[in-house]
Amino acid sequence: MANRLLPEWHPQDAVQLTWPSPDGDWAPLLERVEATLEALVVAITRYQHVLVSVPDTATKTHLAARFANLGVAAGRLHLLELEADDTWARDHGPLGVERDGELVLLDYVFTGWGGKYPASRDNSLTRHLADAGVFACPVTSRDLVLEGGALETDGEGTLLTTESCLLNNNRNPHLDRDALAARLGEELGIERVLWLSHGHLEGDDTDGHIDTLARFVDPQTIAYVRCDDESDPHYPAFTAMERELQALRRHDGAPYRLIPLPWPRPCFDPVDGHRLPATYANFLIINGAVLVPTYGDGADSRALAALGEAFPDRDIVPIECTSVLRQHGSLHCLTMQLPAGSLALDAPQAEGETP
């Protein structure tokens, strides 16, 4: 049985989001993060559908009216009332895999990044969405602990990831490197794994998700974070990561085309002063556009220009994400793309309340 993990640029039906609960971790920043999520919904629905899990009926009713007022296209917003622990759909959402030419969604185990945070409701969210009739393709549960933010694929059998996350004992301690690679090959069609051993971001809770560090733009190109400030504590590790990327080779033996992304000024939590993991690598590819996190920094314009070079045929859409950093994530972390053919748009349970 031939499997293929679909790359992010594969055509999509929708982007999945998980709306924060009023009494959850986002409570002190609720209005700010909701403003960011609103901007995401407005931007994405210009191109495709958005599926949003919401915590309660009041939030569902409010959002339906709010997005109608914001001019969101009728029928492109789908709101479902389902409980969750947090908002990071990238890590509790399903992975789209082509299996013998047919689409299937794989539902992996999410443990709150190795048991750091409560995650039982997040872990059951995909199954609840499937039970609600949202998906038009099979949804298969897997027993491997695996997060979407830890995986970058070229869609041709190559996986780019980090040793610090996938080989961490808090994920799948019973599997060594070879055994894990074999599982990824069996379930996701991964023929080779490119492991990075450098590049940790301060303030990162994920043990080094690749989507904060280096991203496939196409099968021949990788956009990556470059630290050019020799006084920054990150400089040695990110210089080492750059050398690792330069040494990687494509299937045909040629080096990858590398597009460096700029280094923003340090961002710090205003309450206790710890550093926050600001990175422009946390962009989202959708149909016809790339959504790019910005931080009110002078490097924002350079990041947008670099990604415009990387994606000349797509619109480049900035989304202000400074508040999202306060919970140690950014734009890509909040989202999970749902491949074309995955969403049952005519299912009554999947219809939003947007007029």
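1. Let's start at Asp 207, which sits in the loop between strand S10 (192-196) and strand S11 (214-218). Keep in mind while looking at it that this is a predicted model. Asp 207 isn't a glycine, yet it has a positive phi of about 70 degrees. Is Asp 207 buried or exposed? It counts as buried, because its relative accessibility is 17% and the cut-off for buried is under 20%.

2. There is another residue of this kind to look up. His 328 is not a glycine either, and it has a positive phi of about 70 degrees. You'll find His 328 in the loop that runs between helix H10 (322-325) and strand S19 (336-339).

3. Pro 173 is also a loop residue, placed between helix H6 (163-166) and helix H7 (177-188). With a relative accessible area of 54%, Pro 173 is exposed, since the line for that is drawn at over 50%. If you want a landmark from elsewhere in the chain, try Val 145: it is 28 residues away from Pro 173 along the chain, and the two C-alpha atoms are separated by 10.0 Å.

4. Now for the sheets. One of them is an open sheet of four strands, in the order S1-S5-S6-S7, and its pairing is mixed. At the edges stand strand S1 (3-5) and strand S7 (139-145); each has a single partner strand, so one side of each is left without a neighbour in the sheet. On average, and ignoring direction, neighbouring strands here are turned by 35 degrees against each other.

5. Within that order, have a look at S5 and S6. Strand S5 (residues 95-99) pairs with strand S6 (residues 102-109) in the antiparallel sense, over five bridges. To find your place in the pairing, use Val 97, which stands opposite Val 104 in S6.

6. For a parallel pair, go to strand S17 (residues 289-294) and strand S18 (residues 315-320), which are joined over six bridges. Which residue of S18 is the bridge partner of Thr 294? That is Glu 320. Add helix H9 (residues 300-310) to S17 and S18 and you have a right-handed β-α-β unit.

7. On to the interior. The largest nonpolar core has 76 residues, and the members that touch the most others are Leu 40, Leu 160, Phe 283 and Leu 291. Helix H1 (residues 30-44) gives the largest share of this core, seven residues. Leaving aside neighbours within four places in sequence, Leu 40 is in contact with Leu 17, Leu 291, Ile 319, Leu 331, Leu 334 and Thr 335. Apart from this core lies another, of 22 residues, including Leu 95, Cys 165, Leu 166 and Leu 175. As a general point, nonpolar side chains in soluble globular proteins tend to be buried together.

8. Last, the cysteines. How many disulfides does a search of the whole structure find? Zero. Cys 165 is in no disulfide, and the nearest cysteine sulfur, that of Cys 333, is 12 Å away. Cys 165 is buried, with a relative accessible area of 2%. Why does Cys 321 have no bond to Cys 333? The sulfur of Cys 333 is the closest cysteine sulfur to that of Cys 321, but at 9.3 Å it is too far for a bond, because a disulfide needs the two sulfur atoms within 2.5 Å. Cys 321 is buried as well, with a relative accessible area of 0%.

Methods: Residues numbered from 1 in each chain as written. Predicted model: local features only at pLDDT ≥ 70, side-chain atom pairs only at ≥ 80, totals over all residues. Heavy atoms only, no water. Helix = DSSP H or I, 4+ residues; strand = E, 2+ residues; numbered from the N terminus. Buried < 20%, exposed > 50% of the residue type's maximum accessible area, 1.4 Å probe, protein only. Pairing = 2+ DSSP bridges. Right-handed = clockwise from strand over helix to strand, strands pointing away. Core = buried A, V, L, I, M, F, W, Y, C linked by side-chain atoms within 4.5 Å. Contact = heavy atoms within 4.5 Å. Axes fitted to C-alpha atoms, helices over the stretch in contact; angles between N-to-C directions.
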